[in-house]
Amino acid sequence: MGCMDISPYRGLCGFCVSVFKWLPVVVISGIVSWSYYAYVVHLCIITVESDIERVGLLVGYHVAVTLFLLSYWRTVWTRPGDIPKRFSLTADELDSVEGSETDEQQRRMLEQIVIDKDLPVAMRTIQGAVRYCEKCAHIKPDRAHHCSVCGSCVLKMDHHCPWVNNCVAFNNYKFFILFLFYGLIYCVFIALSSLKYFLRFWTGSMDGHGHGKFHILFLFFVSAMFSISLCSLLGYHIHLVLNNRTTLEEFRAPVFRRGPDKEGFSLGKRANLAEVFGDTWWRMFFPVFSSFGDGLTFPQRFSEDPELGQSSRRDHKREEWGEEGDESVPMLLAEGGTSGQGWDTDVSDSEEEILVNVRPKEANHDVVTAGNSSDFVNVTIES
């Protein structure tokens with residue numbers, strides 16, 4: 001089910017708006033095309049006298065511009081991430097949710113829908129309710145948000161970037177980071193390699209033709225200006241990657257049942273980096289998709305298993321504890337002290353909640369926790 005909001009831009013007006021959205025992309029393409037002409041023709045072919053220097057500059061330039069353009073166009077044309085149909089709400093479900101008399105009734109209804117559909121959602125609204133989009137008529141997966149420019153919800157939305165005319169989200173976030181990275185390398189390479197000739201033209205120690213001199217002078221100014229802006233933007237997004245946050249989460253912390261937690265998805269610097277770029281070093285630097293996950297569920301700093309579906313809980317625990325067989329059950333044991341008592345812990349797991357019952361037991365007795373289900377492991381602790 002698609003989004004139910006109706007765009008006010010239709011017909012000729014809608015066409016004009018669509019064309020206007022592509023204007024920043026056209027501007028970027030025009031600047032890169034001009035810089036190619038200015039650098040290759042006026043700097044390398046006409047101005048540079050040494051053949052060795054000319055070849056070195058041309059090779060380095062074409063490597064930088066190729067990686068930059070590949071990353072940029074992959075960011076532009078990659079769909080950011082669509083919400084699967086199983087998260088959709090039927091017309092009756094949406095009417096029931098929207099027609100709830102109280103917030104508590106709506107909250108219980110949304111919780112029941114999540115349980116019935118077995119949807120792996122852990123994030124909540126600030127009021128503690130399951131997040132849903134009334135425009136797109138579906139439950140929002142974790143870290144998904146509605147983009148008013150695109151008119152739809154996207155997975156792990158970071159922001160909508162007008163320079164790529166696309167949402168930067170789960171599927172193209174790595175390409176966006178590489179676009180900034182190689183864009184910075186491209187601009188710095190141009191600025192440094194043209195600096196010597198810029199100074200010669202500026203001081204008048206080198207003769208130059210009118211148009212050629214203008215191209216080289218302007219080439220240095222533009223590349224230096226873009227280097228500063230790209231450096232600050234890249235540094236900000238590296239900060240977000242290392243802390244496993246999106247731009248939206250940087251300004252508004254994700255909310256769980258336990259409350260807002262800005263570090264809720266942070267797993268450590270190395271794991272956070274691998275979640276976006278993957279764990280194969282050579283694929284990290286190429287514009288190929290290598291991010292971990294499916295954009296629907298994300299490992300959390302604190303596991304909240306009762307909020308996830310049964311299958312998702314099991315997969316998450318196996319990843320966290322490294323178990324490939326049956327689940328391991330974490331046990332809380334009282335440390336030995338002067339009281340001389342241990343604890344007998346029975347753990348029962350249901351679809352909706354985990355109940356932990358703790359009752360005292362005399363010391364110097366065997367404590368045995370046994371499960372009848374294949375999902376549990378028999379554990380014997382000798383006190």
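**Group meeting: a walk through the model, starting at the nonpolar patch**

Okay, let's start on the surface: helix H2 gives the most to the nonpolar patch, with 3 residues. Before I go on, keep in mind that this is a predicted model.

So who is in that patch? Phe20, Trp22, Leu23, Val26, Val27, Trp73, Trp77 and Trp163 make it up, and it covers about 870 Å². Two helices, H2 (23–47) and H3 (51–77), each put in at least two residues. Take Trp73 as an example. Trp73 sits in helix H3, and its relative accessibility is 32%, so it counts as partly exposed.

Now let me zoom out for a second. The protein chain has 11 helices and 12 strands. There are 383 residues, and 41% of them count as buried. The accessible surface is about 21,100 Å², with 61% of that belonging to carbon and sulfur atoms. And on contacts: if you take pairs of residues at least 6 apart in sequence, 61% of those contacts join residues at least 24 apart.

Back to the surface, but with charge this time. Which residues gather in the patch of negative charge? That would be Asp92, Asp95, Glu98 and Glu134. I'll pick out Asp95, which is in helix H4, residues 91–98. Asp95 has 51% relative accessibility, and the cut-off for exposed is over 50%, so Asp95 counts as exposed.

Next, salt bridges. How many does a search of the whole structure find? It finds 14. I'll show you a few of them.

Here's one: Glu111 pairs with Arg124, and the closest N and O atoms are 3.2 Å apart. That pair links distant parts of the chain, with Glu111 in helix H5 (residues 103–117) and Arg124 in the loop between H5 and E1, 13 residues apart. Are these two buried or exposed? Glu111 is at 12% relative accessibility, so it counts as buried. Arg124 is at 3%, and it counts as buried too.

Now Arg143 and Glu249. Their side chains meet in a salt bridge at 2.8 Å, N to O. This pair also links distant parts of the chain: Arg143 is in the loop between E2 and strand E3 (145–147), Glu249 is in helix H8, and they are 106 residues apart. For burial, Arg143 comes out at 0% relative accessibility, so it counts as buried. Glu249 comes out at 3%, which also counts as buried.

One more pair from that list: the side chains of Glu250 and Arg245 meet in a salt bridge, again given as 2.8 Å, N to O. Glu250 has a relative accessible area of 17%, and since buried means under 20%, Glu250 is buried. Arg245 is buried as well, with a relative accessible area of 11%. And there's a network to look at: Glu104, Arg107 and Arg108 are joined into one by salt bridges that share partners.

Okay, on to backbone angles. Two residues caught my eye here. The first one I want to show is Ala137, which is not a glycine and yet has a positive phi of about 60°. Where is Ala137? You'll find it in the loop between strand E1 (132–133) and strand E2 (138–139). Its relative accessible area is 0%, so Ala137 is buried.

Then there's Asn244, another residue other than glycine with a positive phi, this time near 55°. Asn244 is placed in the loop between helix H7 (210–242) and helix H8 (247–251). If you have the model open, click on Asn244 and you'll see it is buried, with a relative accessible area of 6%.

Last stop, an actual glycine. Gly278 lies in the loop between helix H9 (269–277) and helix H10 (281–284). Buried or exposed? At 2% relative accessibility, Gly278 counts as buried. And what does Gly278 touch, leaving out residues up to four places away in sequence? The answer is Leu273, Met284, Ser290 and Phe292. As for Phe289, its C-alpha is 8.6 Å from the C-alpha of Gly278, with the two being 11 residues apart in sequence.

That's my tour, thanks for listening.

Terms used:
Residues are numbered from 1 along each chain as its sequence is written. This is a predicted model: local features need pLDDT of at least 70, side-chain atom pairs count only at pLDDT 80 or more; totals for chains, interfaces and linings use all residues. Side-chain values use heavy atoms; hydrogens and water are left out. Helices (H or I, at least four residues) and strands (E, at least two) are DSSP runs, numbered from the N terminus. Buried means under 20% relative accessible area, exposed over 50%, partly exposed in between (1.4 Å probe, protein chains only). Contact means heavy atoms within 4.5 Å. Patches are made of residues with over 30% relative accessible area and no salt bridge: like charges are joined within 9 Å, nonpolar side chains (Val, Leu, Ile, Met, Phe, Trp, Tyr) within 5 Å. Accessible areas come from the Shrake-Rupley method with a 1.4 Å probe; for residues, only the protein chains shown count as cover. A salt bridge is a side-chain nitrogen of Lys or Arg within 4 Å of a carboxyl oxygen of Asp or Glu. Lys and Arg count as positive and Asp and Glu as negative; His and the chain ends are not counted. The place of a charge is taken as NZ of Lys, CZ of Arg, CG of Asp or CD of Glu.
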